[in-house]
Amino acid sequence: MIGLVLAGVAFNGALLGRLRSPSPYPERQVLVWALATALLLGGGAWVVRWQALPVAYGEFAPNTHPEHVRWVLEWLDGQAYGALFGPSYGQWYWPPLVAGAGLLAGGASAALREWSARLAASRDPFDERLRTADAPEPVTRTEKVFLSYSRKDTALARRLVARLEGRVGDVWVDWHGIKPSAQWLEELSEAIRSSDALVVLISPDTLRSPYCWDECKQAIDLGKRVLPVIVSPELAQGTTAALRAAEWDELTAYQYLGMSTPEAFEAGIDAIAAFVSREHDWVAFHTRLGLQAHAWKVNGGSDGLLLRPHEVRIAESWRRNTPVDPDFKGELTPLQEDFIAASGAAMRRRARRGRVGAGAVLGALLALGSLVVSVQTDTAEDRRLALSRALAAASGAAPYPGMQRSLLLSAAAYETAGTNAARSRMAERLLRFNHVARVLATGVDDVGGAAFSRDGSTFAFTLSDPERTQVWDTDRWRPRTTVPGALPKKGSWPCDSPELSLSSGWFTCQDGREERLAQAGWDPGEGKYVAAVSEDGRHALVGMEGEEREREPGWVERVRAEVWDVDERRKLGDVDTEQLRDRGLYIGTAIDDSRLAALVTDPVHGMWLAASKYGVVPSSDPVTPLRGIDNGTKIFHSPDGSKAVTLTEDGTLLAWDTRSGGRLAAETPVPGLAPHQLFNRTALSPDRRTLAVAQGSEVRLLNTTDGSQHGRVRLSGRGDALTFSHNGRRLAVTHTVFNKGEETAQGARGRLVTEIFDVPGGRRTALLRSPHQATLAQVAGIAFTADGRGLFIGETRKSRILEWDVRRQRVARTFTSREVGFLDRMVLSPDGRRLAAVDRQQVVHLWDTASGAHTALPKPAEGALAFTPDSKRLLTAGQEGIRRWRMSDHREETPPLAVGSGRYVRSLRITPDGRHAVLVSADRDTLWEGSVGGDVRLWDLDRQEPVGPVLAKTTGSAAPELTPDGSRAVFAAQGRIVSVAVSPRTWHEELCALTTRPLGRDEWRAVAPQQRYPSVCGRQD
């Protein structure tokens, strides 16, 4: 808007050096310019929208317009979309909005132009520096002189006027200025008012003329400059006495000019010219102001005849710069003073009214603009949210849109707006393709031939146009080589094929085994046939005619099959579909990550069924195990079932690895890792690179990246609770030392002992022995202070929290209360100022670590506790859900966040931004079953809803810990370390890593017609 105004001012010429006088009708000019600018901008906006929007919507193919035209249209589109009314750019009313802005801009530019003109016009011409500066002689004289004389001195007057010709601008005399038919006195007065000075020829006849005195009297009353000229020799001496004798006393205050002799006459001509031209600018304005004041007076003081604002400023400057020379004899009249004062008052009234009016108009425009911007912003936000949900729905619609399109639509949904639907869809897509190691190729219509090597270390497949075979190492799925020609198809691949000499050492001839078995004379029996042969050639899957049924159109399921030992030619056992269902397995085609998980199960009768051309598919739905996938999907399995390659219906060749990695949930194998089933006996270092696990009387320090063990700590007892110091250099481990022979009905008595170790060196640096014994002594929580010098330990049975001085190895303070029961959980706020604990009576207790003051929250809780990263809020979990408490006044902020009926929150972690929480919740009915853990889910605390599906499942009491950036949650599981992505931004990055092409324009228009075609994952068609 400012740019438009400045452009208008520049176009109007104020910035181009073109000076102009103020307009007599400024309102009309402002209106004309406002309307013209509105029409111009509104029309231009319509043209831009008409031409640029189709390009933004992706309705034109990239080669529809020349490159430079397309660039201009895209630039215009970007400018329009990023402007003030950009959110409404796609709506029909956008051009009128731009026209409205143009109306305001045009009016403002015209007003500024008028203001600049008036500012230039109001330049102070009476500034002392200007008045004293040397000025050039004017080309045309503008002085006006009224000549008063007696009729008897007419000859002298004519001679004087003739000599003044060219020396002054104009001389008013009765034979020139009076028309015979005019009212003589009225015309005479008007002539005096219009003159700058009065020159009166003083002679005895003049002094006897009442008309001459009346003319002089009028000039004096009007503040005119008067020059008495003595033309009679007899008055050359005693002029003052003669004037007084004639009762012309007022004229005695003026200086006389003697012209009674011929010599004096010639000199007097120059003196009269000098008198008239003295301070002419001031005198001329005096004359003009007198005429305006007279017109204002005779018209009843009409405001329409008052000075305009810039003229008032000039008049005030003129008055301030009145010449102070006592001989000047020019002064303001009372009428002029009243006229200036009235003009100033009117100017101030108009200014006040203008300011009020302008303020009202500006306020109305701002209110209207704010309303429009707010409405259009809200509307645009609603449209973005709706579009995001529509894209998310389309990414998982039936029929299945294909892998690449599904991933791109999910990413586009999140990039449009971070709706819960978009985030959930991304998590679902990543779950589906969690173990995709790499995209091998796209746009593949068919694989001419494909196979794993016997040891599974390589995979080869044939592509057409041109025909070539690519060979990949499956360890990290890197391309190894490309050879011309095709990998032979089934039944046509001789082992000594010279065309594949490069790969003859990697691949076997398994695809021809069925034929060779038949050629060898082996017949499994009437009504039976060889369906598949294992990689090592020792087992065969034998199908039976009539033992098949159509599960759904285009997919036939074997009801029963047999596994045979090929060498001994004997049946090893039956493969029954119903028995497989009991194990969660189905004979079908593995097509996504959830189904590929079955490829690592034990072989059936010694044969990997996944090695057959049908594969083994786990599913919770026995009716439609192939939902959302094209029946033509192909799958190839490695001999051990840990890797697979699939060709999806949209032509994407994917490499899968089910035993390592994971885009959403990555699992790192750790042999022997066995978390405790009931108590969390793990701790994660602050940098999340080291996982400490208490197993028996030792603590294993594991690398969370590769699962390797880089340290071990020996304990004097069985490890229980663990925690790292804030810098990660110290590790505190609690365990119980039981008293021999002191067992009660409730259990053995003992004393809590805490050992503190230096992590880099592995040596013990402190031993803290609890001063009290308890039956079944347990720990509710353990936490270091920020400086590592203090350690808080919550003792469950003693219902108290001890603060230890680590260096002195003694208790510094005790936090407890008579209302406190057995403690179940304890946490320390990130700033170290508060302790929070929940007891068996489901009461949440708070202590101020500085003063020891105790507070109990009014609502019950159980299970997990967590402070927000800023320590300003505490989240507690209970049967009604998760509550948020302000620590400033201990009040509940929002209604409880419902995590599900019958769910118990085992673990609760808050992301660094404080907006999300990672929850581990379990079914109460299976809560204390040892192997049952819980569901890991991400929750949006602001929207109070889960984000996406269940991301992972824990075992036992494992509690995930967040990485410093909050992008992943890491926890220990049976035989592995699990790292789960819990950040939607990370989901988006992983999702885009799976895409290999941009979202097509046709694909976009099919889902989002009349919407801006975006760049998805940084790509655009």
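In this predicted model, alanine 917 stands across from tryptophan 939 of β44. The setting for this pair is the antiparallel pairing of strand β43 (residues 916-923) with strand β44 (residues 935-940), which extends over six bridges. Both strands belong to an open sheet of four, arranged in the order β42-β43-β44-β45 with antiparallel pairing. At its edges lie β42 (903-910) and β45 (945-953), each of which pairs on one side only. Averaged over the sheet and ignoring direction, neighbouring strands are turned by 25° against each other.

A helix joins the picture here: α17 packs on the sheet and touches β43, β44 and β45. The direction of α17 makes about 15° with that of β45.

Helix α17 (residues 420-432) also meets a second helix, α21 (residues 984-994); their axes come within 10 Å and cross at roughly 50°. Since an angle of this kind falls outside the ranges for roughly parallel (under 35 degrees), roughly perpendicular (65 to 115) and roughly antiparallel (over 145), α17 and α21 are therefore oblique to each other. The crossing of α17 past α21 is left-handed. On the α17 side, the contact is made by Arg423, Met426, Ala427, Arg429 and Leu430, while α21 contributes Pro984, Trp987, His988, Glu990, Leu991 and Leu994. Sorted by character, the residues of this contact comprise seven nonpolar, one polar and three charged.

Taken together, α17 has contacts with two kinds of partner, packing on the sheet through β43, β44 and β45 and crossing α21 obliquely.

Methods
Residues are numbered from 1 along each chain as its sequence is written. This is a predicted model: local features need pLDDT of at least 70, side-chain atom pairs count only at pLDDT 80 or more; totals for chains, interfaces and linings use all residues. Side-chain values use heavy atoms; hydrogens and water are left out. Axes are lines fitted to C-alpha atoms, for helices over the stretch in contact, and angles run from 0 to 180 degrees between N-to-C directions. A crossing is left-handed if the near helix is turned anticlockwise from the far one by less than a right angle, and right-handed if clockwise. Contact means heavy atoms within 4.5 Å. Ala, Val, Leu, Ile, Met, Phe, Trp, Tyr, Cys and Pro count as nonpolar, Asp, Glu, Lys and Arg as charged, and the others, Gly among them, as polar. Two strands pair if DSSP finds at least two bridges between them.
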